[in-house]
Amino acid sequence: MKLLNKIESQKLDSLAINEYGLSESTLMESAGASVISLTSNYIQWDAAKVVVLCGTGNNGGDGFVAARYATLMGADVVIFIVGNISHLTKISQAYKAIVEKMKIPIKAIQKAEETYRFLEDADIIVDALIGTGLTSAIKGEKAKLINRVNVSSAIRVSIDIPSGLVCDSGECNGLAIKADYTIAMGSIKRAHVLYPGCEYCGTILVSRIGIPSKADEFCKTEWVEKKDIEEMLPHRMKIGHKGNYGTIGIIAGSEGLEGAGLLTACGALYAGSGKVHLLVPGEIALSITGKVPEIMVSSIGEKNCFFVSDVEPVLQKLKSYNVVALGTGIGRHLQTQLFVKELLLKINGTVILDADALYAIASLHISLKELPGQFILTPHVGEFARLINKEVVEVEQNRIEWARLYAQENQVVLVLKGYPTVTATPLGEVFVNSTGNPGMATGGMGDVLTGVISSLYGQDMELDKAAVAGVYMHSLAADLLAEEKGVGFTASEVAEKIPQSRMLISEK
Ligand SMILES: NC(=O)C1=CN([C@@H]2O[C@H](COP(=O)(O)OP(=O)(O)OC[C@H]3O[C@@H](n4cnc5c(N)ncnc54)[C@H](OP(=O)(O)O)[C@@H]3O)[C@@H](O)[C@H]2O)[C@@H](O)CC1
Ligand SMILES: [K+]
């Protein structure tokens, strides 16, 4: 499903009107009606005491329509118009006139207090104060009202966006309606999925409001759902053998970080790779060999980390692999950084770059677009901030657009890990992941992900799809563990859950 920002949301509405001939009032009618129809499985509207809070923009217009449908469902409705009534949009005025003719009680208020008695009695509060049209921080009476609504025991239903959230960032400085249900109009918006907005939305229900699905094709940001991944995953043939499912080469590890490569290798194994090879520095090879019998360990050189002199023997090995994962646990020794640089100059195929390989790229200013290989990078926000020479806070203010820019400029696939993990492609598309949980904030998670993505690429998926599907599958595995254990599961356990996650994705 497309993930819209404010401008894209307005563009979608205007395309629906100007290209498809839908009228603004048809859209508003559908929007208001869907507030009741989409929630009726969860909320009892019949005989409920309902307060509808309408702003003076079109979000308020949706509120007038919702008030009518709630009344038709048997609810006892009262409407408050909040704000300067002379600002009421024309179309909202028309819908206001209808509820007035229906004799639904309606009052324009100046003071928040005028609503308090009704809010206390309400079973349901419909929030139609502000949608995408928020212009600045909310103050005064509207702020008072929002705080009051948030302490009410009623079910809170927000139309389009919980009032107070900034559409494009999900920010609100602690002042927004805390909805139980949010009905997103047209498509899901950034405020619904970015932090902290996602904490204010409750259950999100999307209403297409009758807009044809092709109308949103212009939007290059996608909210990734299970069905998208299901379509991407390769079919496993009955007569397939291990040679059909990829040979993965993992270049990993250094003294003190021996386990990282094993985690990456396990990620690849559990994601279904045919063969997994792990290349480690000679001094640590013995401590790793045989730990996981299915993983073939090769000892490179004689040191406790990779040296430039290891490039040639590594290149010899790489000839028989479909894809290479480089970086987990290799450390930051200058020789290792130079090893990364030399290797990247000579690799022609596909490389998944993670962890200390990203450190080397940033510190030696390696220009990826001038190299012969094709790349997927999997940084967390700290690693990414170093790559683009920005502060972490700056990246977090707009992780979607930073990721998009980097992937386009460097012609790579970029997986920016965090909440939410976003995958950007060289064509400027961004896929925002919908799975994952806070229990994943523990060592080794990223190492496993690198293995999963490498594995899917080795199973014949395209570069960008391997990244998007790998991210989804890995975080879904963690969600399965969170259901069982809450917090405190390990990266190894996530690797072991990958088959179950894959099975769940493929289930109809
Ligand atoms: N276009 C379409 O075809 C469709 C549009 N649709 C719907 O329209 C919505 C967008 O409508 P929009 O653009 O009219 O803005 P909207 O969200 O109502 O906000 C304006 C209101 O907010 C208020 N307000 C703003 N900032 C404020 C602040 N800092 N502090 C306090 N108040 C503030 C502002 O107050 P004022 O400035 O007038 O005093 C005014 O009351 C969209 O989210 C969706 O629900 C659907 O029906 C589908 C079809
Ligand atoms: K709202």
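Guide: Strands are DSSP runs of E at least two residues in length, numbered from the N terminus, and in this predicted model Ser 163 is found in the loop between strand 6 (155-159) and strand 7 (181-185).

Visitor: Why is Ser 163 called buried?

Guide: Buried means under 20% relative accessible area, and Ser 163 has a value of 0%, so the term applies. Leaving aside neighbours within four places in sequence, Ser 163 is in contact with residues including Asp 127, Leu 129, Ile 130 and Ile 146.

Visitor: What makes the pairing of the Ser 163 and Asp 127 side chains a polar contact?

Guide: The cut-off for a pair of N or O atoms is 3.5 Å, and the side chains of Ser 163 and Asp 127 make their contact at 2.4 Å.

Visitor: Which atoms coordinate the potassium ion (ligand 2)?

Guide: The donors are Asn 59 (OD1), Asp 127 (O), Ile 130 (O), Ile 159 (O), Ile 161 (O) and Ser 163 (OG), at 2.6 to 3.1 Å, which is to be set against a limit of 3.2 Å for K. Ile 159 and Ile 161 are both buried.

Visitor: Why is the arrangement around the potassium ion (ligand 2) called irregular?

Guide: Six donors count as octahedral if opposite donors are over 155 degrees apart and all others between 65 and 115; the angles subtended by the six donor atoms here run from 64 to 172°, which makes the arrangement irregular.

Visitor: How do you know that Asn 59, Asp 127 and Ser 163, listed by UniProt under "binding site" (unreviewed entry), gather at one spot?

Guide: They span 105 residues in sequence, yet no two of their C-alpha atoms are more than 9.5 Å apart, so they gather at one spot. Asn 59, found in helix 3 (residues 58-72), is buried at 9% relative accessibility.

Visitor: Why do Gly 418 and Thr 421 receive different burial terms, given that Gly 418 and Thr 421 lie in the loop between strand 17 and strand 18?

Guide: Buried means under 20% and exposed over 50%, with partly exposed in between; Gly 418, at 40%, therefore counts as partly exposed, whereas Thr 421, at 11%, is buried. Among the contacts of Thr 421 beyond four places in sequence is Arg 399, one of the buried residues of helix 16.

Visitor: How do you know that the span of helix 16 (residues 399-410) agrees with expectation?

Guide: At 1.5 Å a residue its twelve residues should span 16 Å, and its end C-alpha atoms are 16 Å apart, which agrees. Just after helix 16, Gln 411 takes a positive phi of about 55°.

How values were computed: Residues are numbered from 1 along each chain as its sequence is written. Chains are lettered from A and ligands numbered from 1 in the order in which they are written. This is a predicted model: local features need pLDDT of at least 70, side-chain atom pairs count only at pLDDT 80 or more; totals for chains, interfaces and linings use all residues. Side-chain values use heavy atoms; hydrogens and water are left out. Buried means under 20% relative accessible area, exposed over 50%, partly exposed in between (1.4 Å probe, protein chains only). Contact means heavy atoms within 4.5 Å. Donors are N, O and S atoms within 2.8 Å of the metal (3.2 Å for Na, K and Ca); water is not among the atoms, so sites may look incomplete. Four donors count as tetrahedral if all angles lie between 85 and 135 degrees; four count as square planar and six as octahedral if opposite donors are over 155 degrees apart and all others between 65 and 115; anything else is irregular. Helices (H or I, at least four residues) and strands (E, at least two) are DSSP runs, numbered from the N terminus. The expected span of a helix is 1.5 Å times one less than its number of residues. A polar contact is a pair of N or O atoms within 3.5 Å; within protein, one must be able to donate a hydrogen and the other to accept it, and residues adjacent in sequence count only if both atoms are side-chain atoms.
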